[in-house]
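Biologist: Hey, can you walk me through this one? I'm new to it.

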Amino acid sequence: MTVIDIPGSKSVTARALFLAAASEGTTTLLRPLRSDDTEGFAEGLRTLGYGVVQQADRWRVEGRPAGPAVPEAEVHCRDGATTARFLPALVAAAASGTYRFDASAQMRRRPLAPLTRALTALGVDLRHEEAEGHHPLTVRAAGVEGGELTLDAGESSQYLTALLMLGPLTAKGLRIEVTDLVSAPYVEITRAMMRDFGVEVLREGNTFTVPPGGYRATAYAVEPDASTASYFFAAAALTGREVTVPGLGTGALQGDLRFVEVLRKMGAEVSIGADATTVRSTGRLRGLTVTMRDISDTMPTLAAIAPYADGPVVIEDVANTRVKECDRLEACARNLRAMGITVHTGPDRIEIHPGVPKPTEIATHGDHRIVMSFAVAGLRTPGLTYDDPGCVRKTFPRFHEVFAEFAGAPRP
């Protein structure tokens, strides 16, 4: 059995940074993820005047419930969707200030409109400088009164998360009615973390009520990243191995741990304990049809191992993967076809047939999850290469080193 130490969750680290910055007092984050995305978030906070001290396994954040310490700033969000979506919501609650946000070309292509329309409906002076609903944008802060909103979060749950975290910083709180919601487990991460920082979000169906009053600083331990763990769980199921990931157990916040249930349905043995999860291969993978709407970040992981199953793998209800770092559904389809695999796609689905994949260069589109997913396929199809292997720095800078050690193979 191999034990893999997975770095901290990107989603949890980003939320923790927002909540810490908005809290009264000093928060200590234990084992936060150190990657390009989270470094970009921390850099953005420092640009706004928040005190952020980063040590190897713990970060200290000086909270400022009143908002940024500087009256104006320009923040570059890099490739980080959480940075690009959360920080404009954070600064909107400040009593005054002018804050401009821009991002990489990749992030500029990704949508923001449902979030920025909601902020505008709350009275926030927010202007898109070029394409409507995209970066760059400027927020002229004057506080947020709060009130009622209707939100479409069918494209990204991050829109709802940003507004939920803003809620306690408003004068009257927020009541949000959600008409459509994707990746719902990520919203439950947000609610659980807000509770740890002193705020209880009431949920009645798809209506969320957030009270005003602010946050309390705390010491917060960041759990391992379940999306990253999926590559090692899939690798075990694919190659006749057994792998255990400590820190992800029955009490884990992240819905992406449910990926192991997909592997169980495909034939792997899965054990989820109090503080660890183990996946063990049984020597075969069965085809299946599965809905992955709520765990769509693991869709590429499943797509990459699908050709090695004994029947077709059909992944449904993943339209939102088309507006991630790249069109992940199409990226998976094209790479699998380049490997000689029969693939059919629809607006929100992909059907992958069994085959004997051949080595090729994987077109990554600068997307970390495409690289890490097809690295798993590379365990059964030696010779796969990547046009941009370094883009894993977004969430797991040491991925190739750790995966090579796990696989007993050289780094790409």
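Modeller: Let's talk through the cavity, a couple of helices, the cysteines and a few single residues.

Biologist: Sure. What should I know before we start?

Modeller: This is a predicted model, in which local features need pLDDT of at least 70 and side-chain atom pairs count only at pLDDT 80 or more, while totals for chains, interfaces and linings use all residues. Residues are numbered from 1 along each chain as its sequence is written, and side-chain values use heavy atoms, with hydrogens and water left out.

Biologist: OK, holes. How many cavities of 30 Å³ or more are there?

Modeller: The count comes to one. A cavity here is a set of points, on a 1 Å grid over the protein atoms alone, where a 1.4 Å probe fits but cannot get out. Points are joined across faces, edges and corners, and the volume is the space filled by probe spheres set on them.

Biologist: And how much space lies in the largest cavity?

Modeller: About 290 Å³. It is lined by 26 residues, and those closest to its centre are Arg 110, Ser 156, Gln 158, Asp 297 and Lys 324. Lining residues are those with an atom within 4 Å of a point.

Biologist: Which elements give two or more residues to that lining?

Modeller: Helix H1 (10–22), helix H3 (81–92), helix H6 (158–166) and helix H12 (368–377). Helices are DSSP runs of H or I with at least four residues, strands are runs of E with at least two, and both are numbered from the N terminus.

Biologist: How do the lining residues divide into nonpolar, polar and charged?

Modeller: Six are nonpolar, eight polar and 12 charged. For that split, Ala, Val, Leu, Ile, Met, Phe, Trp, Tyr, Cys and Pro count as nonpolar, Asp, Glu, Lys and Arg as charged, and the others, Gly among them, as polar.

Biologist: New topic: which residues of helix H5 are buried?

Modeller: In H5 (residues 113–121), they are Ala 113, Pro 114, Leu 115, Thr 116, Ala 118 and Leu 119. Buried means under 20% relative accessible area, with exposed over 50% and partly exposed in between (1.4 Å probe, protein chains only). The cover over those H5 residues includes H3, strand S8 (125–128), strand S9 (137–141), strand S10 (147–153) and H6. After H5 comes Gly 123, with a positive phi near 95°.

Biologist: What does the side chain of His 128 make a polar contact with?

Modeller: With the side chain of Thr 116, at 3.0 Å. A polar contact is a pair of N or O atoms within 3.5 Å; within protein, one must be able to donate a hydrogen and the other to accept it, and residues adjacent in sequence count only if both atoms are side-chain atoms. His 128 sits in strand S8, and its side chain also reaches the backbone nitrogen of Gly 133 at 3.4 Å.

Biologist: Is His 128 buried or exposed?

Modeller: Buried, because its relative accessibility is 13%.

Biologist: Now cysteines. How many disulfides does a search of the whole structure find?

Modeller: Zero, where a disulfide is a pair of cysteine sulfur atoms within 2.5 Å. For Cys 326, the nearest cysteine sulfur is that of Cys 332, 7.6 Å away. Cys 326 is buried at 11% relative accessible area, and Cys 332 is buried at 0%.

Biologist: Why is helix H11 called largely enclosed?

Modeller: Because eight of the 11 residues of H11 (residues 328–338) are buried. Cys 332 is one of them, and others include Arg 328, Leu 329 and Glu 330. The buried H11 residues pack against helix H10 (299–305), strand S21 (343–346), strand S22 (349–352), strand S23 (361–362) and H12. Gly 340 follows H11, with a positive phi near 90°.

Biologist: Last bit: where is Ala 94?

Modeller: Ala 94 is in the loop between H3 and strand S7 (97–102), and it is buried at 2% relative accessibility. Ala 94 and Ala 141 are 47 residues apart in sequence and 5.6 Å apart in space, C-alpha to C-alpha.

Biologist: And which strand does Thr 278 lie in?

Modeller: Strand S18 (residues 276–280). The side chain of Thr 278 makes a polar contact with that of Thr 244 at 2.6 Å, and Thr 278 is buried at 12% relative accessible area.

Terms used: 1 Å grid on protein atoms, 1.4 Å probe; cavity = no way out; pocket = protein on both sides within 12 Å on 5 of 7 lines; lining within 4 Å. Contact = heavy atoms within 4.5 Å.
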